[in-house]
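Reader: I would like to learn how to read the contacts and the backbone of a model with a bound ligand. Could we take the features one at a time, with the general idea before the case?

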Amino acid sequence: MQFVSKQMKHFLAGSSMIRKMFEAGIELKKQYGDDNVYDFSLGNPDLPPPPAVRPALEKLVADSGKPFVLGYMPNAGYPELREKLALHIAKEQNCTVPAANVIMTCGAAGGINVFFRATLEPGDEVICPAPYFVEYGSYAGNFGGKLVPVMSKDFTFELDLDALEAAFTPRTRAVILNSPNNPTGRIYTRAELSGLAAIIQAAEKKFGRAIYVVSDEPYRFLNFENAELPPTFELFPHSVVIGSYSKNLSLAGERLGYIAVSPNFEGAGELSSALILCNRILGFVNAPAVAQRILLDCMDAQVDLEIYRARRDAMARVLTDAGIEFNMPRGAFYFFPKSPVPDDKRFVQALLEERVLVVPGSGFGGPGYFRAAFCVDTGVIERSAEGFRRAMKKF
Ligand code: PLP
């Protein structure tokens, strides 16, 4: 008897590498104790939410006896929050953004699914620079779309504009970008993005359809060198920005994000209406009330960037001491160093034998590398040094 769809059966059989590491970590911690396992496998922020979150929650508790405080709301979210957020996004995008173009979602993940539901026809293609956040493949696939990963330049992970240009077809519907990037820590420059904008413009003309840019930005605030984050709406008229409060407010379990639609194209109103409808019909109905009320009071708050900077520097020292080659991440909380052998899984296994948990780059469409998330305590990073050194000696 068949209890799940054939596709799900297939997906279940190929359980993800991150998940395998997660399970290995639980076993090792049971055996050796939490302090003796160095787990860099997950991008789950460990910092507590910033201080402004507590009074916002206390206010909510005080108001919780009132009717509808936690009730249904318009599908796009609380109007006063959308107004406030639209002003915030306008500053980042350097243009006026109407509140009608801002839709609150269940995290960035919910936002991307809503966007694909609203725009993809079965068989449509979504181009994505690799290495990339693996869930994008599932998100496009949920609506009959196909992710088309395009490898970035070796080691620097600069966009390979020639390879990207060659990937456009009459079925291309969108390009999904993630900067600062998970897993590479790269921030795309204005020159790279302008190059991509010219390619998209030419492809739109050639194929006669709008090709969207989806700028997925959960790590926008983790920008260690204050690098320019060029405004998406200015560079790409057919675009959306997808944001999240999972990382900057450490509220990943509260599932809050948003989609902001560029005001710079004539279909923006129709797209916004479709996105709001999809929020409803995908079953989210609206983004969580508690998280939206927290955000109303905490829009300018964020976790301490300096803590992440200190961890980044500690991890850089550990990798350098072990003789591992890497590019210093300019943003997000991941290193994507080179494996000393082409088979990244072999090196990840050697690290696992030293109780150091990382994820093979092949799990992100970047074989020959590995990902180490530094959203863990500096002490863990420092204590992992011996394990990295010993694993390197094996090669
Ligand atoms: N996009 C990227 C690149 C991510 O790394 C993540 C989470 O790790 C998400 C989206 C999903 O974020 P959220 O928790 O807001 O759904």
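**Reading the ligand site and the contacts around it**

Author: A backbone N or O atom of Ala109 lies 2.9 Å from an oxygen atom of the ligand. Please keep in mind throughout that this is a predicted model.

Reader: Which side chains place a polar atom by the ligand, and at what distances?

Author: The general idea is to look for pairs of N or O atoms within 3.5 Å. Here a polar side-chain atom of Asp216 lies 2.6 Å from a nitrogen atom of the ligand, while a polar side-chain atom of Ser246 lies 2.6 Å from an oxygen atom of the ligand. Of the 400 Å² of accessible area that the ligand has on its own, the protein covers 91%.

Reader: How many residues surround the ligand, and which are the closest?

Author: The ligand is surrounded by 14 residues, and the closest of these are Asp216, Tyr219, Ser244, Ser246 and Arg255.

Reader: Tyr219 is on that list; which aromatic pair does Tyr219 form, and with what geometry?

Author: For ring pairs one reads the distance between centres together with the angle between planes, where an angle over 60 degrees counts as edge-to-face. The search of the whole structure yields 20 aromatic pairs. In one of them Tyr219 and Tyr334 meet edge-to-face, with 5.6 Å from centre to centre and 80° between the planes. This pair links distant parts of the chain, for Tyr219 belongs to the loop between strand S6 (212–216) and helix H9 (232–235), whereas Tyr334 belongs to strand S9 (residues 334–335), 115 residues apart. Both Tyr219 and Tyr334 are buried.

Reader: Which residues form one aromatic cluster?

Author: Phe115, Phe116, Tyr212 and Phe265 form one such cluster.

Reader: Let us turn to charged side chains. How many salt bridges does a search of the whole structure find?

Author: The search finds 23 salt bridges. To read one of them, I would take the N to O distance, then the elements that the two residues belong to, and then their accessibility. The side chains of Asp39 and Lys29 form a salt bridge with an N to O distance of 3.2 Å. Asp39 is in strand S1 (residues 38–39) and Lys29 is in helix H2 (residues 17–32), so the salt bridge ties together parts that are 10 residues apart in sequence.

Reader: Are Asp39 and Lys29 buried or exposed?

Author: Asp39 has 17% relative accessibility and therefore counts as buried, whereas Lys29 is partly exposed, its relative accessible area being 27%.

Reader: Which residue forms a salt bridge with Arg186, and are the two residues buried or exposed?

Author: Arg186 forms a salt bridge with Glu192, and their closest N and O atoms are 2.7 Å apart. Both Glu192 and Arg186 are buried. As another case, the side chains of Lys66 and Asp63 meet at 3.1 Å, N to O, and Asp63 is partly exposed with a relative accessible area of 25%. Salt bridges also link Glu225, Arg312, Asp313 and Arg330 in a network.

Reader: Where does the charged end of Arg355 sit?

Author: When a charge sits over a ring, one reads the distance from the ring centre. The charged end of Arg355 sits over the ring of Tyr32, 4.5 Å from its centre. Arg355 lies in the loop between helix H13 (344–353) and strand S10 (356–357), and is partly exposed with a relative accessible area of 24%.

Reader: What is notable in the backbone at Arg355?

Author: Although Arg355 is not a glycine, its phi is positive, at about 65°. Val285, likewise not a glycine, has a positive phi of about 70°. Val285 is placed in the loop between helix H10 (268–281) and helix H11 (289–298), and at 27% relative accessibility Val285 counts as partly exposed.

Reader: Where are peptide bonds cis, and what are their omega values?

Author: Omega is the angle to read for a peptide bond. The bond from Ala130 to Pro131 is cis, with omega near -5°, and Pro131 is in the loop between strand S3 (125–130) and helix H6 (135–141). Another cis peptide bond joins Asn182 and Pro183, with omega about 20°; Pro183 is in the loop between strand S5 (172–178) and helix H8 (190–207).

Technical notes:
Residues are numbered from 1 along each chain as its sequence is written. Side-chain values use heavy atoms; hydrogens and water are left out. A salt bridge is a side-chain nitrogen of Lys or Arg within 4 Å of a carboxyl oxygen of Asp or Glu. Helices (H or I, at least four residues) and strands (E, at least two) are DSSP runs, numbered from the N terminus. Buried means under 20% relative accessible area, exposed over 50%, partly exposed in between (1.4 Å probe, protein chains only). Rings of Phe, Tyr and Trp (its six-membered ring) pair if their centres lie within 6.5 Å; planes under 30 degrees apart count as stacked, over 60 as edge-to-face and the rest as tilted. A charge sits over a ring if NZ of Lys or CZ of Arg is within 6 Å of the ring centre and within 35 degrees of the ring normal. A residue is near a molecule or strand if one of its heavy atoms lies within 4 Å of it. A polar contact is a pair of N or O atoms within 3.5 Å; within protein, one must be able to donate a hydrogen and the other to accept it, and residues adjacent in sequence count only if both atoms are side-chain atoms. Accessible areas come from the Shrake-Rupley method with a 1.4 Å probe; for residues, only the protein chains shown count as cover.
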